[in-house]
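Biologist: I'd like a close look at one part of this model rather than a tour of everything. Pick one chain, stick with its backbone oddities and one sheet, and tell me how you define your terms.

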Amino acid sequence: MTPATLLVTVFFFVPALILFILSLTDLASSNFSEPWHFIGLLNYQRMFSDRFFPKILGNTIRYVTLTLIFFNVGLALLLALLTSYINRRAGFFFRMLWLLPRITPSVVYIVMWRRMVQQAPFGIINQFLGWFGLSQQPHLLNEHPWLFVILANGFVGASFGMLIFSSAIESIPKDLFTAAKVDGASTLQIIRDITLPMLRWPLLFVTSYQTLSLLVSFEYILLLTNGGPGLFTTEVWALTSYKRALSTYFGTNQWGYGAAWGLVLVVIAITASVIYLRVFRFDDLVQEPKIDVL
Amino acid sequence: MKVELTNLTKRWGDVVGAEGIDLSTKDGEFVAFLGPSGCGKTTTLLMIAGIYKPTVGEILFDDRVVNTVPPKDRNIGMVFQSYALYPHMTVFQNIGYPLKLQKVPKDELQKHVQRVADMMGIGHLMDRKPAQLSGGQQQRVALGRALIKEPQLLLFDEPLSNLDARLRLSMRSEIKRLQMDLGITSIYVTHDQIEAMTMADRVAVMKDGHLQAFAPPDELYDHPKTLFIAGFVGNPPMNFIEVEVKQENGSYQVLGPGIHLDLPADRGEKVARSSKVIMGIRPEDISLADTGVKGEVYLIEPLGRDDLLDVRIGETAVRVLADPALGVRMRDTVTLHFNTDTAQLFDPDTEQSLLW
Ligand SMILES: Nc1ncnc2c1ncn2[C@@H]1O[C@H](COP(=O)(O)OP(=O)(O)O)[C@@H](O)[C@H]1O
Ligand SMILES: [Mg+2]
């Protein structure tokens, strides 16, 4: 067994198996002192018939697609293009700047957001709005929870794609751009006809990778809105799974039930990964850029 | 179209790309930029293409200053060493790209691309991607793409350097032929002096960002203005020997360690004052003879038609072209005749020719 196989087995397949077994039980803090039972697929039945199941599913899809389109891919691509068309050093600096939120601890980062969206005179955004005569704005987070959930996630998420896209753009042979300019292409036409087609694989890679990481991420939502305001307004799948299984809200940990929620994500992730591995041929992605191949 | 460069200069901070290039081409002329790697050929070419902005100086197309004209409005075609084909486009799309940008109607574009592709002999490869083509085919596609918009100026940046030797030879004559037929003014960058000499009407020799000479190939060969040009042009390269020139009773003598030669008066009189000179003499102007300078054969390189001999005269090494039929062998002692009628003489300090 190679070290890689061992690692994947120990840290992925074994936990996944335990999770699956857990999801077939009625393990919970309420009956922890009693013997637990295998209850078959009852947890899954309960999950799919949950009153808020459609809401959570819808929230998850909304959260993943909007963050992905506008930030993790959209803004990332825009930033990569902008920074590669300005001065090299300025581009580098700008990219570093954009990485700051990623290396900021989540709690600090979210506290900053919460600080920004509070009511005047505490909220920073409302203070600015106040200068334009828009004082007495309500608590922005309660007014537009989705906007800030997506902003907070997107600002961090965009940096990953930006780095991938920037280096992909840098590895395009300069002669191609020269040739296109000589052929008569404007900057926009060069982006459309040369740059974007050559970013096809990085684009697919970032899209798929970020879909998966958004699907399983919940910490910013937990810290920012905790699924609220109100009932399940911004609650996503991974957050539900976490709350059912591990949150001590009312001291009612339902490990078995939460595991069922979690396992669905694991299954989606494995399926998607296998497809991606096949489709993208990751070996090719990590190959050196093909320059001057005869 | 005529191209004129006046005091053309490109610097990046302290780095000099090209410095004070003055040069003007005739309409329809084939000009080669020749020089070793890093001498500023590409830099100059990219300024002409409009990719680099000159730091100082002007570029004129038919007496019109084009310094600020963007590349797309210069009506030029360009061919690269890397071919620079768009890897995600087919041959058809690659060649047709300049026309597509000009919004040429579909059927007209189709006809045009087919005609150019047929001319380049790649009409049957239209649906292939560049990766599915050989180097020679890729270079033809690149040529087709450069030609399709009927440019007024063709720029080549070492287009044949990535091809194997035999293909290079045939593409060389093909490009030359094409250029003559179409009569498009062309600037051809190369570090290969044979390419420059065989293809160009005039050759611009560059060194360290400076233009050393701009002259027809035979002029460069027969009347090299600097030591650098003399050494760079011609294959195998010219021999350089440090000698003294002396005048005795109206006749001129070349003296060196183990060397004693007569020098024609028309050459000798130009060096009357500076007695220490560098004499340049081409391997084909030295021959094996019965009397003359004695030396030992150090190495023999068979070139096929000739043998290239490395002969040591004391400390001095000279290259000599000899007939293989003579059966010279290593360590033989040979007698060399120097044809000083074509000898070049250079000032050792300025490295300028004393003759031209
Ligand atoms: N974009 C650039 N930035 C800085 N220096 C450059 C740039 N392009 C070329 N140079 C420098 O200019 C000099 C001439 O380069 P180049 O024109 O590419 O030479 P050649 O094509 O004759 O081999 C080299 O010293 C090179 O390092
Ligand atoms: Mg070059």
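**Loops and a sheet in chain B**

Modeller: Let's start with B:Ala84, which is buried at a relative accessible area of 4% (buried is under 20%, exposed over 50%, partly exposed in between, using a 1.4 Å probe and protein chains only). Keep in mind that this is a predicted model, where local features need pLDDT of at least 70, side-chain atom pairs count only at pLDDT 80 or more, and totals for chains, interfaces and linings use all residues, while side-chain values rest on heavy atoms, leaving out hydrogens and water. Residues count from 1 along each chain as its sequence is written, with chains lettered from A and ligands numbered from 1 in the order in which they are written.

Back to B:Ala84: its phi is positive, about 50 degrees, although it isn't a glycine. You'll find B:Ala84 in the loop between β6 and α2 (91-101) of chain B (helices are DSSP runs of H or I, at least four residues, and strands are runs of E, at least two, numbered from the N terminus). B:Asn75 is another non-glycine with a positive phi, near 55 degrees. B:Asn75 sits in the loop between β5 and β6 (76-79) of chain B, and with a relative accessible area of 26% it's partly exposed. For a peptide-bond oddity, go to B:Asn235 and B:Pro236: the bond from the one to the other is cis, with omega near -5 degrees. B:Pro236 belongs to the loop between α8 (227-232) and β11 (239-248) of chain B.

Now the sheet. It's an open one in chain B, with four strands running β2-β1-β4-β5 and antiparallel pairing (two strands pair if DSSP finds at least two bridges between them). The edges are taken by β2 (15-24) and β5 (64-65) of chain B, each with a single partner strand, so one side of each has no neighbour in the sheet. β2(B) pairs with β1 (residues 3-12) of chain B over six bridges, in the antiparallel sense. If you want one spot to zoom in on, B:Lys10 has B:Ala18 in β2(B) as its bridge partner. Packed on this sheet is helix α1 (residues 41-49) of chain B, which touches β1, β2 and β4 (56-61) of chain B; contact means heavy atoms within 4.5 Å. The direction of α1(B) makes about 115 degrees with that of β1(B), where axes are lines fitted to C-alpha atoms, for helices over the stretch in contact, and angles run from 0 to 180 degrees between N-to-C directions.
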